[in-house]
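Open your viewer and get ready to make a few selections. We will go stop by stop, and at each one you will hear what to pick and what you should find there.

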Amino acid sequence: MSDMVPSLITQSDAPSICAWILAEGHQYRKHTQVKARVADKIEHITTTTSTGVETTNSAYPNDYIVQNMTDAHEMYVINPDTFIEKYKLLENLDDLWSLYAPTSTIFAIKLTTKVLKDKKWPTTFTIKAAWGTDMVCHQGDYLASPPDGSEFYRIDEKEFDETYQLIIT
């Protein structure tokens with residue numbers, strides 16, 4: 001990680017950051033299906049979005065490796081309990097991959113110029129993901145949290161627009 005990108009937020013900040021996202025953000029539903037497979041050994045997964053490498057993570061046996069159906073086909077790791085809560089099996093595609101429909105929602109805030117100015121954050125900064133690696137956030141990206149406020153993470157603006165839909169209440 002470049003020393004030129006300031007590190008501002010860690011998971012120790014999760015209670016206040018998640019409370020802010022839940023209070024000030026909007027609720028979204030993931031509307032695109034995903035492909036997923038179960039890891040049978042330790043695998044290192046690099047999540048690459050339209051703007052480049054987003055993060056890295058390790059999948060352990062029984063974790064799910066998920067691939068979004070976006071232009072970037074970004075992949076990421078989800079533990080089995082969380083995956084089962086968030087996705088429903090639609091069909092097996094082959095011996096490894098299956099197709100799933102999302103069943104959960106998130107809360108998110110777009111990092112607009114106003115949000116960054118109000119928070120006194122620069123246009124580019126890093127957050128420490130719940131799995132321990134840095135994620136670079138850019139103006140226009142989203143900070144997201146599940147409804148239980150247990151963690152927060154970054155979602156690239158383009159991939160967010162491709163996969164999430166605002167819930168109108």
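Contact here means that heavy atoms lie within 4.5 Å. Keep in mind throughout that this is a predicted model.

**Stop one: Thr163.** Select Thr163, which belongs to helix H4, residues 157-163. Is Thr163 buried or exposed? Its relative accessible area is 2%, and buried means under 20%, so Thr163 counts as buried. Now show what surrounds this residue: leaving aside neighbours within four places in sequence, Thr163 is in contact with Arg29, Lys30, His31, Thr32 and Thr70. Then look back along the chain to Glu159, whose backbone oxygen is reached by the side chain of Thr163 at 2.7 Å.

**Stop two: the sheet.** Next, colour strands S14, S13, S10, S2 and S15; in that order, these 5 strands make up an open sheet with antiparallel pairing. Which strands stand at the edges? They are S14 (153-155) and S15 (164-166); each has a single partner strand, so one side of each is left without a neighbour in the sheet. From one strand to the next, the twist averages 45 degrees. Zoom in on S2, residues 26-30, which pairs with S15 in the antiparallel sense over 3 bridges. To find one of the bridge partners, pick Tyr28 and look across to Leu166 in S15.

**Stop three: the aromatic rings.** Keep Tyr28 selected and switch on the aromatic side chains. How many aromatic pairs does the structure hold? There are 10. One of them joins Tyr28 and Phe160: the ring centres are 4.8 Å apart and the planes stand at 80 degrees, so this pair is edge-to-face. Since Tyr28 lies in strand S2 and Phe160 in helix H4, the pair ties together parts that are 132 residues apart in sequence. Tyr28 and Phe160 are both buried. Add Tyr142 and Tyr164 to your selection, and you have the four members of one aromatic cluster, Tyr28 and Phe160 included.

For another geometry, move to Phe83 and Tyr87, a stacked pair with 4.8 Å centre to centre and 20 degrees between the planes. Phe83 and Tyr87 are buried as well.

**Last stop: charges over rings.** Select Trp97 and Lys35; the charged end of Lys35 sits over the ring of Trp97, 5.3 Å from its centre. Finish at Trp20, where Lys119 lies over the face of the ring, 4.4 Å from the ring centre.

Technical notes. Residues numbered from 1 in each chain as written. Predicted model: local features only at pLDDT ≥ 70, side-chain atom pairs only at ≥ 80, totals over all residues. Heavy atoms only, no water. Pairing = 2+ DSSP bridges. Helix = DSSP H or I, 4+ residues; strand = E, 2+ residues; numbered from the N terminus. Axes fitted to C-alpha atoms, helices over the stretch in contact; angles between N-to-C directions. Buried < 20%, exposed > 50% of the residue type's maximum accessible area, 1.4 Å probe, protein only. Polar contact = N/O pair within 3.5 Å; in protein donor to acceptor, adjacent residues only side chain to side chain. Phe/Tyr/Trp six-rings, centres within 6.5 Å; stacked < 30°, edge-to-face > 60°. Lys NZ or Arg CZ within 6 Å of the ring centre and 35° of its normal.
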